[in-house]
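Please open the model in your viewer and keep the selection panel at hand. The stops below go from a single residue outwards, and each one says what to select and what is found there.

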Amino acid sequence: MKNILVKTHEAWLVTLMASFMAKDCESKRALNDFSDILFRHFTWIERELIKNGIEYDYNRDQIPIKVDRLKVITNNIIERLNAIELMLPQLSSELSFRMSKDFDYIKFVLSKMPDEEVSAFNASRKYKDYNLTQEATDALTLFLFEESYKEYELIMIYNYLKAHSNDDFLNKIFQILVDESFFHLKSFGEMMAQMGILGVPRVIHKSLYQVEDVVQFLKDGIEEELAAKEQCKELSDAVAKDSEDLAKFFDFINYQENYHIELMKDALKHYESKGV
Amino acid sequence: MISVDEELISHMSNPNNYGRLEEADSIGIGENPQNGEKVIIYLEVVKKDNDYFIQNIAFEAIACMTTVVAGSIITNEAKGITFSKAEELIAVTLGMLEHVEPEQAACSEMVAVALKAAMDGFLRSIKSGKKETLIYKIEQSCSPELEFNANKEQK
């Protein structure tokens, strides 16, 4: 049963990456919706594992995604879903039925999805028609690799904490933080694909989400958010003279971090007051 | 700032040997005591002639992207070489770091001392018959502080 969680995790990530690669708006939208659905499957499988007292982690294989045609990756997703389908009987009948019917539709749409050339790996490092200096381009490249991993890490950490908490107040906060990181990961992933530097975030070490001291984790997390704000500010300054649009985008991301910090402070206060 | 080229992008988007080896003969950890960042090295070792040989290697990093790039490069160099050659690789790596900014040096140093910890741990386990995971903490010198931890990360 643990293997189905791993395989669904991988299928979710491949589908998310495919949504970044796609240029056709309809294909992009469908792939993004499907990746959301696969992530929800992932969380429901996780819930069944917890209910059945089965230990698990978020380890998975490296995922090769470097393709030159979208069809190659959509066919790969179909193959992955076929493999998961064989494992569905391990799940409750309700979840198995739901996933099976979702897969039928996803595979139907993917099989008809128009093919297109993929430029998400051409390393052009050109974003839209902006003329960034070499220094600004390098800073943006490093930022995107570092932060896309960080957002994926945060999704997995808060998802794990939520899955293992019965506290409604905390779970609302964790869900907001998961949603926010999804938006950031999507924004950064889209930029990476446009710049030809798309990559799957690396596997997260379990010590990061199997948190022993949540209070310390939140304290460290607040510090990290403050550092992320600083990085956004630096990047905004670095690109400001070349692109007002990009500078505004990174200011926008920067200001979003303020709210995350407040939510984390609320969670910290809650943990400390209730000794959760 | 690091200059970015296609090779660096390749290490960042698809780091070599990233992950863990389920059947590792030895695990070593390099740790930065200042910020808790870590590199974990997994080794599969075979004996050839009178030396031990790194048949397979993998790493995980709880650290920044620069460390991941260093891990990708150093583990690639270490794969398929003997322990004696790996000792040379570690010495060369640490030697080169004397001329690098401390923050960037720490990233590569963490990988080098993790490899050293995995190799030393393996040799200790040969003598004791018991698998031991060593943690070496980094400093800006070539003599890492030893912290022995027999229980954590033990297989």
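Select Ala267 of chain A to begin, a residue that lies in helix α9 of that chain; the model is a predicted one, and the values given along the way are to be read as computed from it. Ala267(A) has 26 C-beta neighbours inside 10 Å, and because the cut-off for burial is 20 or more, Ala267(A) counts as buried. Now display its surroundings: leaving aside residues up to four places away in sequence, Ala267(A) touches Leu170(A), Ile173(A) and Leu218(A). Add Val215(A) to the selection as well, since its C-alpha atom is separated from that of Ala267(A) by 8.8 Å, although the two residues stand 52 residues apart along the chain.

Widen the selection to the whole of α9(A), residues 244-274. This helix has 31 residues and reaches 46 Å from its first C-alpha to its last, which is close to the 45 Å expected at 1.5 Å a residue. Which of its residues are buried? Colour Leu246(A), Phe250(A), Ile253(A), Glu257(A), His260(A) and Ala267(A), which are the buried residues of α9(A), and then show α6 (168-194) and α8 (214-240) of chain A, the helices against which those buried residues pack.

Keep α8(A) and α9(A) on screen and hide the rest for a moment. The axes of these two helices come within 9 Å and cross at roughly 170 degrees; angles over 145 degrees count as roughly antiparallel, and α8(A) and α9(A) are therefore roughly antiparallel to each other. Colouring their contact by residue class should give 19 nonpolar, four polar and eight charged residues.

Stay with α8(A) and turn to its own length and burial. Its 27 residues should span 39 Å at 1.5 Å a residue, and its end C-alpha atoms are 38 Å apart, which agrees. The buried residues to pick out here are Leu218(A), Gly221(A), Glu225(A), Ala228(A), Cys232(A), Leu235(A), Ala238(A) and Val239(A). Leu218(A) was already on screen as one of the residues that Ala267(A) touches. Bring back the neighbouring elements, and what covers the buried residues of α8(A) will be seen to include α5 and α9 of chain A.

Next, select the loop between α4 (93-112) and α5 of chain A, where Ala123(A) lies and where Lys128(A) is also found. Check the backbone torsions at both positions: Ala123(A) has a positive phi of about 55 degrees although it is not a glycine, and Lys128(A), likewise not a glycine, has a positive phi of about 50 degrees. Most residues other than glycine have a negative phi. Are these two loop residues buried or exposed? Ala123(A) is partly exposed, with 17 other C-beta atoms within 10 Å, whereas Lys128(A) is exposed, with 10 other C-beta atoms within 10 Å.

Zoom out until chain A fills the view, and colour it by domain. Chain A is divided into domain 1 (1-118) and domain 2 (120-276), and the centres of the two domains, taken over C-alpha atoms, are separated by 23 Å. Where they meet, 16 residues of domain 1 of chain A are in contact with 15 residues of domain 2 of chain A. On the domain 1 side, the elements that give two or more residues are α1 (2-21) and α2 (25-51) of chain A, and that side has nine nonpolar, two polar and five charged residues.

Now show both chains together. How many residues of chain A are in contact with chain B? There are 15, and they are in contact with 17 residues of chain B. The elements that give two or more residues to the chain A side are α5 (134-163) and α7 (206-209) of chain A, of which α5(A) gives the most, with six residues. By class, the residues on this side divide into seven nonpolar, five polar and three charged.

For the last stop, select chain B alone. Its secondary structure comes to four helices and five strands, and from the N terminus on the elements run α-β-β-β-α-α-α-β-β. Buried residues make up 45% of the 155 residues in chain B. Of the contacts in chain B with a separation of 6 or more, residues 24 or more positions apart account for 59%.

Notes: Residues are numbered from 1 along each chain as its sequence is written. Chains are lettered from A and ligands numbered from 1 in the order in which they are written. This is a predicted model: local features need pLDDT of at least 70, side-chain atom pairs count only at pLDDT 80 or more; totals for chains, interfaces and linings use all residues. The expected span of a helix is 1.5 Å times one less than its number of residues. A residue is buried if 20 or more other C-beta atoms lie within 10 Å of its own, exposed if 12 or fewer, and partly exposed in between; C-beta atoms are placed from the backbone. Two residues are in contact if their C-beta atoms, placed from the backbone, lie within 7 Å. Axes are lines fitted to C-alpha atoms, for helices over the stretch in contact, and angles run from 0 to 180 degrees between N-to-C directions. Angles under 35 degrees count as roughly parallel, over 145 as roughly antiparallel, 65 to 115 as roughly perpendicular and the rest as oblique. Ala, Val, Leu, Ile, Met, Phe, Trp, Tyr, Cys and Pro count as nonpolar, Asp, Glu, Lys and Arg as charged, and the others, Gly among them, as polar. Domain bounds come from an automatic or database domain assignment.
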